[in-house]
Amino acid sequence: MRPVVMLTRIVALVATALMLAPAQAQPPADRQTIQAGDRFYCQDRKLGTWFYCERPRDEEPATVPPPPPAKSAAEQLDAVTAELRELKARAILEPTPDNVTAYIRFQRAQLDRASLFGDVWQRSLWQAPDLDYTLQRPVGTVAKQQWTDARKVERDQALDRLGARYGLFYFFAQSCGSCRVMSPIVKAVADTHHLTVRAISTDGGPSETFPRYTVETNQRTRMGLTARVTPAVVLFDSATQTAIPIGYGIIAADELMERIFLLTQRKAGSDY
């Protein structure tokens, strides 16, 4: 009887091994097939944890909202301006201590920011001479005086050479009170720099300063001048036969010389 019992046990073990073999040989990738078809292991014996009868679910990644786009510097400055206006309007319309204090604090913060900007601006100019306009037109007392003296020398030398090419037309009237003040100024500048002056009386009356005057006979129209204001000083370029108005009304001698210098020796924009 013992050989029979032993043989029975061997057959049972072989049968069990044959039944286990398909489940162990099945690739893990086909989890859905195991879950649906193998009832013995997945349902009766409830071995799903070991035989992957229940396919593990992939956890969905948490959705993170994208960060808002960064505001440009101009947008940030506009926001500051809008906030300042809002706080000011609120403080005026509802002048409670809280509203007024909020406006004062915010305004003070912006004043501090502006002061910092001005300080950095000045430091940057000190370190970048090509950006410092005061090197071209000084504003300090000592530097300005030195610049003015050098400019006067340059201007006087240039005006001394103008007589070979330029002359002055001076339009006046006997009845003009401003002309009696302006006439000696024009004569003094012309004599200092050897400029020829042609005085023209617009009403036919004489001039004490310019006894050798000419009565106007449509000279301003031929020069292309439309203004009929007296006194009037016009610079005439004999090389190009063009008239250059210098100014109208009473002009100080220094200002008159500066205008003549700029109009003949400097291009527009080059002196600034």
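In this predicted model, Asn-218 is partly exposed, with a relative accessible area of 42%. The residue lies in the loop that connects strand E3 (214-215) to helix H9. Its backbone also deserves attention, since Asn-218 is not a glycine and yet has a positive phi of about 70°. Most residues other than glycine have a negative phi, and most peptide bonds are trans.

A further non-glycine residue with a positive phi is His-194, for which the angle is about 60°. His-194 sits in the loop between helix H8 (177-192) and strand E2 (197-201). Its relative accessibility is 60%, and because the threshold for exposure is over 50%, His-194 counts as exposed.

Following the chain past helix H9 (219-223), one reaches the loop that leads to strand E4 and contains Pro-231. The peptide bond between Thr-230 and Pro-231 is cis, with omega at about -5°.

Strand E4 comprises residues 232-237 and is joined by six bridges to strand E5, residues 242-248. The two strands run antiparallel. Within this pairing, Ala-232 has Tyr-248 of E5 as its bridge partner. Together, E4 and E5 form a hairpin in which four residues separate the strands. One residue of the turn, Gln-241, has a positive phi of about 55°.

Conventions. Residues are numbered from 1 along each chain as its sequence is written. This is a predicted model: local features need pLDDT of at least 70, side-chain atom pairs count only at pLDDT 80 or more; totals for chains, interfaces and linings use all residues. Side-chain values use heavy atoms; hydrogens and water are left out. Two strands pair if DSSP finds at least two bridges between them. Buried means under 20% relative accessible area, exposed over 50%, partly exposed in between (1.4 Å probe, protein chains only).
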